[in-house]
Protein chains: 2
Amino acid sequence: MIRGALASLLSLEPDIEVVGEAATGDEAVAVAAVTRPDVALLDIEMPGKDGITAAGEICREVPECHVMILTTFARPGYLRRAMEAGASAFLVKDSPARELAAAIRRVLSGERVIDPGLAAAALSAGPNPLSPREREVLSAAVDGSTINDIAARLHLSEGTVRNYLSSAIQKTSARNRIEAVQKAQDQGWL
Amino acid sequence: MIRGALASLLSLEPDIEVVGEAATGDEAVAVAAVTRPDVALLDIEMPGKDGITAAGEICREVPECHVMILTTFARPGYLRRAMEAGASAFLVKDSPARELAAAIRRVLSGERVIDPGLAAAALSAGPNPLSPREREVLSAAVDGSTINDIAARLHLSEGTVRNYLSSAIQKTSARNRIEAVQKAQDQGWL
DNA sequence: CGGCCCGCCTGACAAATGTCATCGCGAAGC
DNA sequence: GCTTCGCGATGACATTTGTCAGGCGGGCCG
């Protein structure tokens, strides 16, 4: 519904034409490859491939396309990863709707559009401190799995999983895995 | 942004006029009390007062107003509580945008609009099995607090908190508090 | 009025989780 | 070729968490 509503609204702008829509990340990449638009506007949380990896693929396969990220959550790590993937803009959904068309025009003219406060937060927070393995284990813990489940799923020993969780807990300065998961998600580290 | 976009879109319909917008639950109640609209369209997850209690208050204070809930999550418990609060419609955001105006017209003509599949799920799932105390404790556990934190915050003994959590875990047929919290939230029981 | 029942609270035990010290192994540097 | 360094893995210990078997105390029926 949201996507459709924004598309309708953007179509009303005289200088903007909506050439395609997609519900998933993979679909977005496929549609962009065919329609070769000037701008691709992506959400991050989507079924299937997430918006950031989709952004990377679109940048690679359709180099003339400016990729913009529009997301609900202003997480520093999201911004960082979006930029590394080659995005030209990073907008959060709580800015007024009028801004969207304006941002698209600015991106088309070659500018990069980023909320200054969020940029500062992303830089001051520093890069993701979690090692790949720690991220993997922490991600496997989000759904409330027990240590044994995680160990089985990742083909690790029980104790190993504990250590990774423990170090993730310390790096996030949390008191247990639940807080660690939440803080990591807040930062966009997963 | 979403609210603004939907408002713009609805304003384009010849027979619909948007008379007010609000960012929080309390604001929504206040605006409705002043503008006395035919229809109030509410989200559930909002800062401040949540949409369901706001719906109840609007129904009480502005009886001629039809309250509609538009939410991201199709949770049975949400639907149940919305209906108990007096809502006339329950829509999820993944239906197409065109449906929204149609649903508003149907509500105005006195119909109640509910997704049939969701209604079935809400009825077959039965009512919320958690006692008030269990809900309270489980809600206090969502942010990863330790048992001691919860006990202190709720002025209970440590062991008591454990028992409530334990029984909540069994009632949700989960394996630990994390799964219990997730399942309860899925059902809209918190 | 008395007993019964049920929701709420407390204490002891078992299992899981979190912490620490240590080891193995491959990559980077000399 | 060797050393050094750091990530990944393992095992033993303290703490937290989950389970269970009871204790009040207030409402409902006989």
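These entries record what I looked up in a predicted model of protein chains with DNA strand C.

**Conventions.** I number residues from 1 along each chain as its sequence is written, and chains are lettered from A and ligands numbered from 1 in the order in which they are written. Local features need pLDDT of at least 70, side-chain atom pairs count only at pLDDT 80 or more, totals for chains, interfaces and linings use all residues, and side-chain values use heavy atoms, with hydrogens and water left out.

**Symmetry.** I superposed the copies by least squares on the C-alpha atoms of residues with pLDDT of at least 70 in both. A turn of 180 degrees with a shift of 0.0 Å along the axis lays chain A on chain B with an RMSD of 0.1 Å. That is the relation of a two-fold axis.

**Surface near DNA strand C.** I took a residue as near if one of its heavy atoms lies within 4 Å of the strand. Of the 16 residues around the strand, Ile147(A), Arg162(A), Asn163(A), Asn163(B) and Tyr164(B) come nearest. Sugar and phosphate make up 58% of the atoms of DNA strand C that come within 4 Å of the protein.

**Phosphate oxygens.** I then listed polar contacts (pairs of N or O atoms within 3.5 Å; within protein, one must be able to donate a hydrogen and the other to accept it, and residues adjacent in sequence count only if both atoms are side-chain atoms). From a phosphate oxygen of DNA strand C, an N or O atom in the side chain of Arg177(A) is 3.1 Å away. For a polar side-chain atom of Ser131(B), the distance to a phosphate oxygen of the strand is 3.3 Å, and for one of Gln170(A) it is 3.4 Å.
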